[in-house]
Amino acid sequence: MSRATSMFSDFDRSAMARALELADRGLETTHPNPRVGCVIALDENIVGEGWHERAGEPHAEVNALRAAGAKAVGATAYVTLEPCSHQGRTPPCVDALLAARVARVVFALEDPNPRVSGHGAQTLRRAGVAVESDLMAAEAAELNPGFLKRMRCGRPWVRVKLAMSLDGRTALANGASQWITGPAAREDVQHWRARSSAILTAIGTVLADDPRLNVRLPDPPSGRPRLQPLRVVLDSGLQTPPGARMLTSGGPVLIMTAAKPSEEEAGFAARRAELVRRAVEIESVPASSPNPAAGELTASAHARLSLPDVLDRLGRREVNELWVEAGARLAGALLREALVDELIVYIAPKLLGPQARPLIEMSELRNLQDALHFTVLEHRQIGEDVRLRLRPRASAPAASAG
């Protein structure tokens, strides 16, 4: 059993804080695995450190034990996530800990993966290792909201990026939107993209802006090429142009589309064949039923894809964190259907006026109590702009999402 946080020593807390710092180094590279750090300490002296650097490579515990060597005997291992007990692409970490003859393991958070959950701790205890948990669990959960959510409910953590003026506008009436925010905010977006497993947009954004939606940052310190996130386009009619910049900017592209009526099958098939020839993966997703109360058109005029199905499919593809960069329609639909876990909102110190385009599309409210409420997690100055991180007030914290 875990014990109360107050019963952990100051050194326990400082060692776990260090393990969390190490885990953060894998923020952009561990997909689809969780970000994990490990510290090995003997007599309150740190003798080994490690973190999980990339999927398929040694886990944090193994790297830390290698650094500690013989000094791991009788030591305490501080790990940000319960050590794994199953054979995956790498051997079980509990085996490495037992072989090193550590005396105690302290982990921050139980791994919700059904192949691990509780089993790692149980295996260690049966072998006579003292095991304690729940030290800095909330901080560990914040490092891995997508992995935790996917393991618990099969869907990624959905983060929607929005950029607006002081009066809540995203573009002029003629569609001009480059650039509302400054260069510092745009660089900040690159880091959010880099930590995401996939980036989602809709065909309207592709046709209007022709974005690349890739990560344009230097390669990681390891010197190995950066892995690009999966770019996902919701395109019910396969209107994505074969010459779209997204298709030529490196990294995989997935188009989620819907079955078309029989009279359009010939043209649809030709468009599909051309996109497949350009190495685009195409997957059919059920269409949603329109909601007239929300101002949506009939199904024949507005074949919007089922967003819950989209998220389920991405969860099965091991997408942990989903970064959404799209227009007002998709952002509004995700919010209406309570599918958003977090908003990242950039606010530029500009006024665009009432004719400019709104932040999201949503139906008219008749009562203030029907407004969507958010909790502000963070506000930060990014160059000349302000970045807000918000979560829907009704959503659970990452540590218990699901």
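**Exercise 1. Place Cys38 in its sheet.**

Which residue stands opposite cysteine 38 in S3?

Solution.
- Cysteine 38 stands opposite valine 79 in S3.
- Strand S1 (residues 37-42) and strand S3 (residues 76-79) pair in the antiparallel sense, over four bridges. Strands are DSSP runs of E with at least two residues, and helices are runs of H or I with at least four, numbered from the N terminus. Two strands pair if DSSP finds at least two bridges between them.
- The open sheet has five strands, ordered S2-S1-S3-S4-S5, with mixed pairing. Strand S2 (45-51) and strand S5 (130-133) are its edge strands, and each pairs on one side only.
- Helix H2 (residues 60-68) packs on this sheet and touches S1, S2 and S3. Contact means heavy atoms within 4.5 Å. The direction of H2 makes about 140° with that of S2. Axes are lines fitted to C-alpha atoms, for helices over the stretch in contact; angles run from 0 to 180 degrees between N-to-C directions.

The model is predicted: local features need pLDDT of at least 70, side-chain atom pairs count only at pLDDT 80 or more, and totals for chains, interfaces and linings use all residues. Residues are numbered from 1 along each chain as its sequence is written, and side-chain values use heavy atoms, without hydrogens and water.

**Exercise 2. Trace the nine-strand sheet.**

Which strands stand at the edges?

Solution.
- The order is S11-S10-S9-S8-S12-S6-S13-S16-S15, in an open sheet with mixed pairing.
- Strand S11 (281-284) and strand S15 (374-382) stand at the edges. Each has a single partner strand, so one side of each lacks a neighbour in the sheet.
- From one strand to the next, the twist averages 20°.
- Strand S6 (residues 157-164) and strand S12 (residues 321-324) pair in the parallel sense over four bridges. Valine 160 stands opposite valine 324 in S12.
- Helix H6 (residues 145-153) packs on the sheet, touching S6 and S12. Its direction makes about 135° with that of S6.

**Exercise 3. Classify Ala121.**

Is alanine 121 buried or exposed?

Solution.
- Alanine 121 lies in helix H4 (residues 119-126).
- Its relative accessibility is 4%, so alanine 121 counts as buried. Buried means under 20% relative accessible area, exposed over 50%, and partly exposed in between (1.4 Å probe, protein chains only).
- Not counting residues up to four places away in sequence, alanine 121 touches Glu82, Phe107 and Val131.
- Aspartate 111 is 10 residues from alanine 121 in sequence and 9.9 Å away in space, C-alpha to C-alpha.

**Exercise 4. Classify Met362.**

Where is methionine 362 found?

Solution.
- Methionine 362 is in the loop between strand S14 (357-358) and S15.
- At 42% relative accessibility, methionine 362 counts as partly exposed.
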